[in-house]
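Subject: Structure handover

Hello,

Here is the structure I promised to pass on to you. My notes on it follow below, and I hope they help you find your way around.

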Amino acid sequence: MILTSSLNLEAACRQNWDVIVIGAGPAGAVAALQLARQNLRILLVERKTFPRYKVCGCCLNQRAITALQQIGLGDLLSSAGAVPLTQFRMQYQGRDAVVTLPGGLAVSREVFDTQLVQSAIDAGAEFLQETSAMLVGTSENQTSRTVELCCQGQTAGSASAKIILAADGLGHPSLQNCAGFDMQVAPDSRIGVGAAFTVKDHAAYPAGMIHMAIHRSGYAGLVRVEGENLNLAAAIDRDFIKQCAGPANAVLQILRESGSAILPEMHQCSFKGTLPVTRKTLRPVGDRLFVLGDAAGYLEPFTGEGMANAITEGMAVAQLVPEGLAHWNSTLEQKWLRTHAALTDDRLFWCRWLARLLRSPSAVSWGVRLFHLFPGMARPIVARLNH
Ligand SMILES: Cc1cc2nc3c(=O)[nH]c(=O)nc-3n(C[C@H](O)[C@H](O)[C@H](O)COP(=O)(O)OP(=O)(O)OC[C@H]3O[C@@H](n4cnc5c(N)ncnc54)[C@H](O)[C@@H]3O)c2cc1C
């Protein structure tokens with residue numbers, strides 16, 4: 001499915017919007033959908049052309065699936081051809097352990113995100129793609145905020161709304177010109193690396209299995225998504241990427257040393273990278289502004305929490321917006337800080353704990369041996385992460 005903008009830039013600049021949502025990933029698309037359903041005037045701005053590739057493991061956990069069902073999007077996943085996940089396989093230094101998964105689906109971000117945005121458009125949100133939005137530093141008056149809209153690197157106009165949602169992913173580029181939204185980036189943060197390719201031989205990476213190749217300098221996850229496509233996503237130490245002279249070599253080295261199969265197609269595909277992933281926006285809220293999804297912070301991909309967080313934050317912010325439209329006040333800022341913390345803090349604790357363990361070669365080595373012999377022991381951990 002190819003998306004087209006539902007209005008042009010001039011029309012976007014002419015209107016006074018209730019809400020401008022910056023970024024059409026799961027956080028932005030779900031927020032736009034939920035707000036459009038409340039008959040609000042919503043502009044969803046996206047800098048890329050959809051469908052677009054995004055570095056991601058493409059696995060939706062049970063929490064993400066349940067959230068989508070709650071907002072009436074359960075069918076979207078089957079129509080996207082999402083592949084049910086049944087097993088999780090860890091491989092480290094030639095040893096492996098296979099654990100049964102209690103649920104989950106794999107779907108490419110090209111297809112999933114495009115369908116989410118289409119749902120938001122169907123609900124009445126206006127969509128403007130190939131346009132970067134940048135929040136103007138200060139409130140010009142008490143009742144609205146302005147974003148500059150740029151096409152092909154040139155400022156092409158500006159649009160105003162009573163509330164802005166920054167859902168523009170890692171590093172929140174749309175807030176660059178605003179003071180007070182600094183990010184804390186972990187000094188040992190890994191970089192995300194990803195690629196997607198069509199494969200002929202599916203023996204090594206069968207459908208329904210998440211394959212995780214673990215290495216002292218990072219890990220790479222492979223999963224079959226819809227069609228014949230294999231998705232690869234990795235989180236790798238920056239020094240190791242330098243040492244290997246680039247992300248492609250680093251990924252191949254991780255696969256090789258873990259004992260995972262290297263397919264001929266992997267030598268031809270192009271790998272994309274992200275900013276360092278472990279980061280946090282110190283205050284994900286401001287005057288008439290909510291920050292959500294990866295724009296507010298992200299830890300590490302291993303536990304597959306990212307999209308579930310983005311979706312649930314999109315749903316939660318849509319419940320606060322009507323109050324903000326009626327009367328913006330600082331209580332609302334406190335409410336978002338509390339809501340955001342309630343949605344993420346407990347999970348961050350688990351993710352942080354696992355991320356630390358994964359950096360310890362002896363812990364990984366013992367973990368894989370233990371789960372190889374007693375796969376049932378991993379079940380409570382997997383269940384905890386999945387819900
Ligand atoms: C290696 C890796 C593997 C991962 N694996 C998984 C996984 O298996 N499961 C899972 O749930 N999560 C996974 N994640 C995390 C997941 O990808 C993110 O948490 C999720 O995409 C966050 O959604 P979002 O909507 O906040 O941001 P994004 O999906 O990043 O969307 C942000 C959007 O904003 C747009 N944008 C940026 N700047 C602007 C601007 N100025 N103006 C307009 N548009 C803009 C971008 O083009 C993008 O489309 C992984 C992440 C990495 C790095």
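How far is an oxygen atom of the ligand from a polar backbone atom of Met307? The two are 2.7 Å apart, a polar contact (a pair of N or O atoms within 3.5 Å; within protein, one must be able to donate a hydrogen and the other to accept it, and residues adjacent in sequence count only if both atoms are side-chain atoms). The protein covers 96% of the 1000 Å² of accessible area that the ligand has on its own, by the Shrake-Rupley method with a 1.4 Å probe; for residues, only the protein chains shown count as cover.

Before going on, a word on the basis: this is a predicted model, in which local features need pLDDT of at least 70 and side-chain atom pairs pLDDT 80 or more, while totals for chains, interfaces and linings use all residues. Residues are numbered from 1 along each chain as its sequence is written, and side-chain values use heavy atoms, with hydrogens and water left out.

Back to the ligand. A polar backbone atom of Cys59 lies 2.8 Å from a ligand nitrogen atom, and a polar side-chain atom of Arg52 is 3.0 Å from a ligand oxygen atom. The shell around the ligand counts 38 residues, each with a heavy atom within 4 Å of it. Glu46, Gly57, Cys59, Asp294 and Met307 are the closest. Helix α8 (306–326) supplies at least two shell residues, as do α2 (26–36), β9 (132–135) and β16 (229–236); helices (H or I, at least four residues) and strands (E, at least two) are DSSP runs, numbered from the N terminus. The largest share, three residues, comes from α8.

The chain also has an assignment, automatic or from a database, into domain 1 (9–60 + 110–186 + 278–351) and domain 2 (62–106 + 188–276 + 360–386). Their centres, taken over C-alpha atoms, are 27 Å apart. In contact (heavy atoms within 4.5 Å) are 36 residues of domain 1 and 44 of domain 2.

Finally, two backbone details. Phe50 and Pro51 are joined by a cis peptide bond, with omega about 0°, and Pro51 sits in the loop between β2 (42–45) and β3 (59–60). Asn39, in the loop between α2 and β2, has a positive phi near 60°.

Best wishes
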